[in-house]
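Me: Please take a close look at the salt bridges here, one pair at a time. I would also like to know what else lies along the elements that carry them.

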Amino acid sequence: MIENLLMGLETVFQPLNILILLSAIFIGFLGGALPGISGTMLVVILLPITYDFDTTSAFLLLTAIYAATVFSGMISAILFRTPGTPEAVPTVFDGYPMARSGHSSRALGIAIVSSGIGGIFGTLVLIFLTPVLASVALTFSSPEFFGLALLGLTVVASLSAGQLSKGIIGVAFGLFIATIGIDPLSGTHRYTFDMNSLMAGVELIPVLIGLFAVAEVLKKGRENTKEKQQASSTKITIFEKEIFRKIYGTITRSSLMGTFIGILPGVGATTASMLSYSETVRWSKNPKKFGKGAPEGIAAPESANNSAAMGALVPLLALGIPGSATTAVLIGAFILHGLQPGPNLLQSQSDLVYSVFIGLLIVNIAIIVCSKPFIKLFTKIINIPYYILGPIILMFCIIGTFAVRNSIFDVWVMLLFGALGYLFTRINFPVAPIVLGVVLGPIAEDEFRRSLQMSGGNWFVFFERPVSATLIILAVLFLVYPLIKKFFKKKGSSSQVQSG
């Protein structure tokens with residue numbers, strides 16, 4: 001392994017490959033920071049261009065862009081409440097409130113150090129534990145995936161700001177959105193109303209951009225304010241000792257969680273960031289601080305999504321199984337270059353694989369080093385008056401949404417959810433549970449039905465497997481715990497009144 005790593009290091013530090021890495025970092029930074037442009041989209045766009053590249057150079061470009069976009073989605077999430085990538089959605093929950101309170105530089109610094117540590121940790125796991133962790137992930141079947149998704153959905157109790165009923169309604173609405181389209185198992189049309197545009201379902205990107213970005217543009221458009229963020233005039237402090245003491249435990253736990261979730265085939269960094277945030281809220285001694293600018297609420301999703309992005313490459317390289325949407329596109333890139341990812345790749349193309357490992361390690365280190373000047377450059381646009389900046393953001397939202405499927409219908413969906421998101425903010429309805437339902441709904445439904453098919457309709461399949469049974473029991477306990485706690489609290493207060 002040491003010989004292979006040294007060989008990869010020598011390959012990466014060739015002048016052409018270094019230039020490709022730097023270009024990929026800048027492209028990834030820019031693409032991830034602009035709303036609606038994800039790493040998957042950039043990899044798809046640049047895939048045909050790499051056909052004439054040397055194989056190693058091609059995969060250094062594609063994987064570096066993938067890693068950089070996962071990081072930079074947090075920039076617009078924190079500054080504009082507009083997640084640049086789906087992985088950055090949970091970062092909005094606490095990153096934007098911290099920025100609104102005049103501490104955008106601190107929020108960005110927390111995100112940078114968390115992303116860098118998470119990415120480096122995930123890359124080290126990718127390098128040293130690929131064969132071992134890939135085999136562990138293969139032991140997960142549909143019941144375990146369902147249990148994991150169900151556990152994530154129960155965090156609605158924590159994300160509803162004490163309004164459990166609203167949270168449950170929000171999750172149910174998100175789950176309903178996720179069911180629209182052609183049933184992937186039976187082929188039945190569900191809630192399509194004979195509209196061809198709905199047969200493929202409601203795309204996640206328009207929903208996210210509408211609920212967060214467009215809703216924020218509408219909200220700020222009605223505000224008569226001249227306030228500006230402070231990021232462009234304040235020094236961005238990447239490492240604050242006092243803050244790091246508060247978040248280092250969160251970063252460690254979320255990096256571990258993100259890496260493991262990323263290794264699970266088909267789950268991806270978006271789910272990892274959502275679950276990591278939810279578990280951080282769940283285990284916090286003061287969960288009420290989340291949603292108001294808690295440092296842990298930024299550190300958790302950012303360390304998780306960057307480590308999960310690296311973890312998603314484990315099943316791709318070791319087993320030929322995509323760990324996320326972007327790694328599924330990378331399988332196409334391997335085939336385009338005449339390669340087959342899987343167990344033989346590590347032996348037959350060890351120079352390529354270890355060059356990619358070293359390249360990803362350099363990219364995640366560069367995230368900490370290069371992000372500061374990029375953010376300084378990017379945040380100059382904050383000085384633009386919002387009556388100019390708002391339409392520009394809206395334009396990028398429309399372009400990014402349209403580019404996902406080249407569908408004007410998706411643009412209308414985005415605008416519809418933008419109006420709904422604005423309405424929800426006016427009536428103080430939590431948006432996070434809706435996103436939770438949309439993201440985790442398809443996973444929960446598909447794996448639930450596959451489990452029943454696998455067992456011939458036997459519902460006990462979820463409790464016959466120890467891991468899935470544990471996850472489901474924990475999910476039920478976490479959901480009913482707030483109700484039980486509230487009941488005993490009322491009972492205790494009433495008994496005190498009677499004794500008084």
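Reply: A residue is called buried under 20% relative accessible area, exposed over 50%, and partly exposed in between (1.4 Å probe, protein chains only). The model is predicted, so local features need pLDDT of at least 70 and side-chain atom pairs 80 or more, while totals for chains, interfaces and linings use all residues. Residues are numbered from 1 along each chain as its sequence is written, and side-chain values use heavy atoms, without hydrogens and water.

Eight salt bridges are found in a search of the whole structure (a side-chain nitrogen of Lys or Arg within 4 Å of a carboxyl oxygen of Asp or Glu). Side chains of opposite charge can pair when their charged atoms come close.

Take Glu144 and Arg465 to begin with: their side chains form a salt bridge with an N to O distance of 2.7 Å. The two residues are 321 residues apart and link distant parts of the chain, with Glu144 in helix α6 (residues 142-153) and Arg465 in the loop between α21 (461-464) and α22. Helices (H or I, at least four residues) and strands (E, at least two) are DSSP runs, numbered from the N terminus. Glu144 counts as buried because its relative accessible area is 4%. Arg465 has 26% relative accessibility and is therefore partly exposed. Helix α22, on one side of that loop, also holds Leu477, which is partly exposed because its relative accessibility is 48%.

Next come Glu445 and Arg190, whose closest N and O atoms are 2.5 Å apart in a salt bridge. This pair too joins distant parts of the chain, since Glu445 is in helix α20 (residues 432-455) and Arg190 is in strand β2 (residues 189-190), 255 residues apart. Both ends are buried: Glu445 at 19% relative accessibility, and Arg190 with a relative accessible area of 17%. The pair belongs to a network of salt bridges that links Asp183, Arg190, Glu445 and Arg449.

Other residues numbered within the range of α20 meet helix α12 (residues 268-283), where Thr271 lies. Apart from neighbours within four places in sequence, Thr271 is in contact (heavy atoms within 4.5 Å) with Val439, Leu440 and Ile443. Thr271 is buried because its relative accessibility is 4%.

In the pair Lys289 and Glu296, a salt bridge brings the closest N and O atoms to 3.1 Å. Lys289 is partly exposed because its relative accessibility is 28%, whereas Glu296, at 10%, is buried.

For the wider setting, the protein has 22 helices and two strands, and buried residues are 56% of its 500 residues. Of the contacts with a separation of 6 or more, 79% join residues 24 or more positions apart.

The largest nonpolar core (buried Ala, Val, Leu, Ile, Met, Phe, Trp, Tyr and Cys joined through side-chain atoms within 4.5 Å) has 80 residues, and Met74, Ile75 and Phe334 touch the most other members. Helix α4 (residues 55-80) contributes the most to this core, with 16 residues. Beyond neighbours within four places in sequence, Ile75 is in contact with Ala33, Leu108, Phe374, Ile375 and Phe378. A second, separate core has 54 residues, including Leu151, Val413, Phe429 and Val438.
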